[in-house]
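Q: I should like to learn how to read aromatic rings and cysteines in a protein model. Please guide me through the features one at a time.

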Amino acid sequence: MSEAKRQLNDWSFREAGQNDWLPAQVPGCVHSDLYRNGKIADPYYGTNEHDLQWIDKRDWEYESVFTVPGELSGLDNIGLVFDGLDTYADVELNGQRILSADNMFRTWKVPVKNHLAEGDNRLRIRFRSPIEEDLPKLERLGYGLPAANDQSELGGLGDKRVSVFARKAPYHYGWDWGPRFVTSGVWRAVRLEGWSGARITDLFIRQNEVSAERAKLTAVLTIESDRDFEARLRLSADGVRVEHTEQIRLGENTLRVEFEIESPKLWWSRGLGEAHLYTFKAELLEGEDVSAESEVRTGLRSVKLKREPDGAGASFYIELNGVPVFAKGANHIPNDNFNTDVTAERYRYEIVSAAEANMNMLRVWGGGIYEEDVFYELCDEYGIMVWQDFMFACSMYPGDEDFLESVRREAEDNLHRLRNHPSIVLWCGNNEIDSAWAHYLPDGGWGWKKDYNEEQKNRIWADYEAIFHRLLPAAIAKCAPGAEYWPSSPLVSLSSDANQHAHPGTSEGDIHYWGVWHNSEPFENYNKYIGRFMSEYGFQSFPEHKSVLRYAPEEALKLGSEIMLAHQKNGRGNFLIKEYMDKYLPEPKDFVSFLYMSQVLQAEAMKSAIEAHRRRKPYCMGTLYWQMNDSWPVASWSGIDYFGRWKALHYYARRSFRDLSLSIDGTNGEDLNFHFLNDGLEPVSASLRIRLLSVNGEKLHEQTLPVEAPANSASQVYTVKAAELLGEQLPARTLLLGTLEQGGRILDSRTHYFVPGREIELPAPNIAVTRSDDAGHATFTLQTDALAKQVWLSAEAEGVFTDNFFDLIPGEPVTVEFQARRPDGTLASGPAGAVEVKSMADFVKRG
């Protein structure tokens, strides 16, 4: 077997036309390299973003000088592989042009054996300014295309939004949660690859039919050979072994070998079973000698997007191995505006955090990137299903021949790269374009088509259909046959008329509901606008105090300060938080208290939504809030801030996403409805214990009743009139504690209040904390003499607690453990350092 690879890691860079070369990091980007070399200030601090918009108007050069290592130099075929060039790049090797790249999302392969020299070889890449490259395209088109989140004004371009012309991460041009940093650089690995004889360049395990009894599979191999020969193919995995003889020809060969696995171990999403993974190994043999080999790891599962008519419209859910799965999770955006600063540790920490919060799905949103391999490998490993958008969002795109061909190749490259991942259960064409083109929002936004004449409208929509209704589904049929495709999110169905466009009241397809937040609608409306699959909704908060201090000095900690507004990309965001806070929560005593209160507010909003969606199962079969993470330190919709610190939302989600859960609904103000939620595959019997307590812990009423939850269901198990339960008690001084219990074990616990949060009487509690540090395990038992709402534990060490932002009730001690964030991105018991404990009473304005 003659094959070798060598990554090129020694690079330098400079602004084109300048003399001095500086050390560069590859993979990387020019912004990160400038910062590492002390040429620019921290892009994320203060208002520095505004001062760095010159970078994207310049051309930049990267250079690597290398020798061909001995294990490669004697091989017959040598190529350079560029896993990602961002974006318009001219590549020269030893002074000869070998490649012109124009798509950030493509992989580029160039044979270079005849261009290589003995001794030093000079590889130079000139990145042309994406702004200067695309401005002429806008001029030629003659009118602008919608690009709602392109912050062209900040970039000094006025209303000239050019992001739509580049096949580049859309969020680089800005978003309503992220900065405008239009990067250039070698953003994925560059390597030399050499081989002689034959090599396997791709191995795809196509899953034709999978059940608990049998998996019918096809191994599809792409083999590159520099000669004709007869080969024996040996395929093996976990005791399975298949052999096949094939005549290999000069050039590229495609081999298909059908085989079966009896009683396979299936891949399940988190909560439903083991996320089992098989490693398939393919070997190409001449006689008994192995000429080439390749391995892939995949899970065997059956996935279907079920859209079946019913009395209310049509269903929309993922069926996994024959089981309807209620999707619980969030929307994922890139973890950094400089993608190459994201380490494997940060990826693992995000996926571990998702699993710890009882999530089973993440949506990779279409304004970012097709994620790194490690992201999907971790989702495979942890049983996190992936809704995968193609990288198109909130914009209309050109449809000229060159653009469409670039998109086709981009789609095929990424489908080939990602198609073996069992976690990817749905491919989606784009984010919000279908509805944005057609529908008007109450605030006057969207409805883009109204801004164009008839000829322009017809052309723009025809270009849209060419990409999302024809090109992308054709690419899936070719490269990942059997994979599910959804043209746009949200969408009702592909009816080719006005009925296909989703809105909050539709009863088919998926819904993005933003009435709460953008339209200042009350939290109660989360119970009103419930679709078949809630793929977006959200509410903002600030990061905690020590995170804010990473981008702002103390003197800038004011809601309307220049820095606070620079780190709030949603126009009215800071003031919407205050507007809602004035309605639902007590007044905070200062800005630091405002930060804490904003997180409680966000968490309460998302709890209302998540549990409203879960209670409507099976009508609603998915709830993915916006958003999981941040790309820089900012006030946003995230549940985990840029530094990895869990906000109140993530702790709330962990409780609200429990597979066995109690939800108490008092939306109508009269009835209290108790719901037993069971996402497992077995029925559950339990006891529902209801206690009415005063804020000082006095027991006012107690009752227990048996309850049942069928498998994979949401059941209303008890209803009582709130007034009947309260009797003569004062609503502001009274709370309800409901617990699901089984054999002396508490399955879930919920508190319910009879008045809005701002009206609850908040005594000044005395919280007693008993700490135990035993063999590196830091545990804390908390008790109180009066109601302590949203108790917040803050540790000196980086990590999370097993519970946080919880209500502590007299006579109901709570024990939590600290889990340290380890260097590999996992969470495990560890030292917490100093720990501070506060409750809402510490943050409210008195008198």
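**Cysteines and rings**

A: Let us begin with a cysteine in this predicted model. The closest cysteine sulfur to that of Cys379 belongs to Cys428 and lies 17 Å away, too far for a bond.

Q: Which distance between cysteine sulfur atoms makes a disulfide, and how many disulfides does a search of the whole structure find?

A: The two sulfur atoms must be within 2.5 Å. A search of the whole structure finds zero disulfides.

Q: Is Cys379 buried or exposed?

A: A residue is called buried when its relative accessible area is under 20%. Cys379 has a value of 0%, so it is buried. Cys29 counts as buried too, at 5% relative accessibility.

Q: How many aromatic pairs are there, and what is the geometry of the pair Phe523 and Phe539?

A: Rings pair if their centres lie within 6.5 Å, and planes over 60 degrees apart count as edge-to-face. By this rule there are 59 aromatic pairs. In the pair of Phe523 and Phe539, the ring centres are 5.5 Å apart and the planes stand at 90°, so the arrangement is edge-to-face.

Q: Which parts of the chain does this pair tie together?

A: Phe523 belongs to the loop between α10 (515–518) and β33 (534–536), while Phe539 belongs to the loop between β33 and α11 (545–548); the pair therefore ties together parts that are 16 residues apart in sequence. Phe523 is buried, with a relative accessible area of 6%, and Phe539 is buried at 0%.

Q: What is the geometry of the pair Tyr651 and Phe805?

A: Planes that are neither under 30 degrees nor over 60 degrees apart count as tilted. The planes of Tyr651 and Phe805 are at 45° and their ring centres 6.2 Å apart, so this pair is tilted. The pair links distant parts of the chain, 154 residues apart: Tyr651 is in helix α15 (residues 648–656), and Phe805 is in the loop between β45 (799–801) and β46 (806–808). Tyr651 is buried at 3% relative accessibility, as is Phe805 at 2%.

Q: Which residues form one aromatic cluster?

A: One cluster is formed by Tyr143, Phe392, Tyr397, Phe403, Trp437, Tyr452, Trp461, Tyr464 and Phe468.

Q: Where does Arg227 lie with respect to Phe229?

A: A charge may sit over a ring, and here Arg227 lies over the face of Phe229, 4.5 Å from the ring centre. Arg616 lies over the face of Tyr619, at 4.6 Å from the ring centre.

How values were computed. Residues are numbered from 1 along each chain as its sequence is written. This is a predicted model: local features need pLDDT of at least 70, side-chain atom pairs count only at pLDDT 80 or more; totals for chains, interfaces and linings use all residues. Side-chain values use heavy atoms; hydrogens and water are left out. Rings of Phe, Tyr and Trp (its six-membered ring) pair if their centres lie within 6.5 Å; planes under 30 degrees apart count as stacked, over 60 as edge-to-face and the rest as tilted. Helices (H or I, at least four residues) and strands (E, at least two) are DSSP runs, numbered from the N terminus. Buried means under 20% relative accessible area, exposed over 50%, partly exposed in between (1.4 Å probe, protein chains only). A charge sits over a ring if NZ of Lys or CZ of Arg is within 6 Å of the ring centre and within 35 degrees of the ring normal.
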